[in-house]
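User: I would like to learn how to read burial, cores and salt bridges from a set of coordinates. Can we work through an example?

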Amino acid sequence: MKKIMKKMYIVMIISALGITGLFTFTPSASAASGCSDTSTGSDYQKIFSVCGTDSGDNVIGSIKPSGKGTYGKNYWKMDLQRYENGSYKTIGTRTGYIDWGSPSSRTFTNVLKKNAKTRIKVTFYTSSSYSTVNGTVYSGYWYR
């Protein structure tokens with residue numbers, strides 16, 4: 001009888017810990033994502049939504065204008081970054097442009113899953129020469 005009571009006690013403790021959240025589980029990578037609606041930079045009054053989303057072995061980075069107004073063409077460089085050894089490291093780069101009525105997205109293929117913080121960094125430029133930075137936007141981070 002003591003053994004049965006002891007087993008029931010252990011099951012109750014494990015259940016209580018699970019209910020209170022002391023056990024944590026990483027969500028499915030296919031559902032993980034991070035987004036942000038902030039912009040910084042000199043002479044940069046535009047707001048863009050930048051998101052990174054897991055899609056199987058790939059990561060999709062997307063940029064879309066947020067708020068009201070007309071923007072015209074904005075050139076960008078998108079960096080997929082992973083947090084390693086105390087800082088974010090770029091593990092992939094894409095380029096392109098966005099116009100007010102035309103959001104942009106790019107796919108980073110075969111991205112390893114290391115259960116590390118991952119984010120998208122988008123740097124905006126004044127022209128297609130990608131020489132003068134006009135602003136930077138970071139997605140929120142997620143674990144991949």
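User: What percentage of the 144 residues of the chain count as buried?

Analyst: This is a predicted model. In it, 31% of the 144 residues count as buried. The chain holds 1 helix and 9 strands, and the helix precedes the strands in the pattern α-β-β-β-β-β-β-β-β-β.

User: Which residues have the most contacts inside the largest nonpolar core?

Analyst: In soluble globular proteins, nonpolar side chains tend to be buried together. Here the largest nonpolar core comprises 16 residues, and I63, I120, V122 and F124 have the most contacts within it. Two or more core residues come from each of β2 (48-55), β3 (58-65), β4 (74-84) and β7 (117-125).

User: How many salt bridges does the structure hold, and what does R144 pair with?

Analyst: There are 3 salt bridges. R144 pairs with D54, with the closest N and O atoms 3.1 Å apart. R144 sits in the segment after β9 (142-143) and D54 in strand β2, 90 residues apart. Both R144 and D54 are buried.

User: Which residues are joined into one network by salt bridges that share partners?

Analyst: First take the pairs. E84 bridges to R82 at 3.7 Å between the closest N and O atoms, and the side chains of K114 and E84 also meet in a salt bridge, at 3.7 Å from N to O. Shared partners thus join R82, E84 and K114 into one network.

User: Is R82 buried or exposed, and why?

Analyst: R82 counts as buried because its relative accessibility is 5%, under the 20% cut-off. E84, at 25%, counts as partly exposed, and K114, at 46%, also counts as partly exposed.

Technical notes. Residues numbered from 1 in each chain as written. Predicted model: local features only at pLDDT ≥ 70, side-chain atom pairs only at ≥ 80, totals over all residues. Heavy atoms only, no water. Helix = DSSP H or I, 4+ residues; strand = E, 2+ residues; numbered from the N terminus. Buried < 20%, exposed > 50% of the residue type's maximum accessible area, 1.4 Å probe, protein only. Core = buried A, V, L, I, M, F, W, Y, C linked by side-chain atoms within 4.5 Å. Salt bridge = Lys/Arg side-chain N within 4 Å of Asp/Glu carboxyl O.
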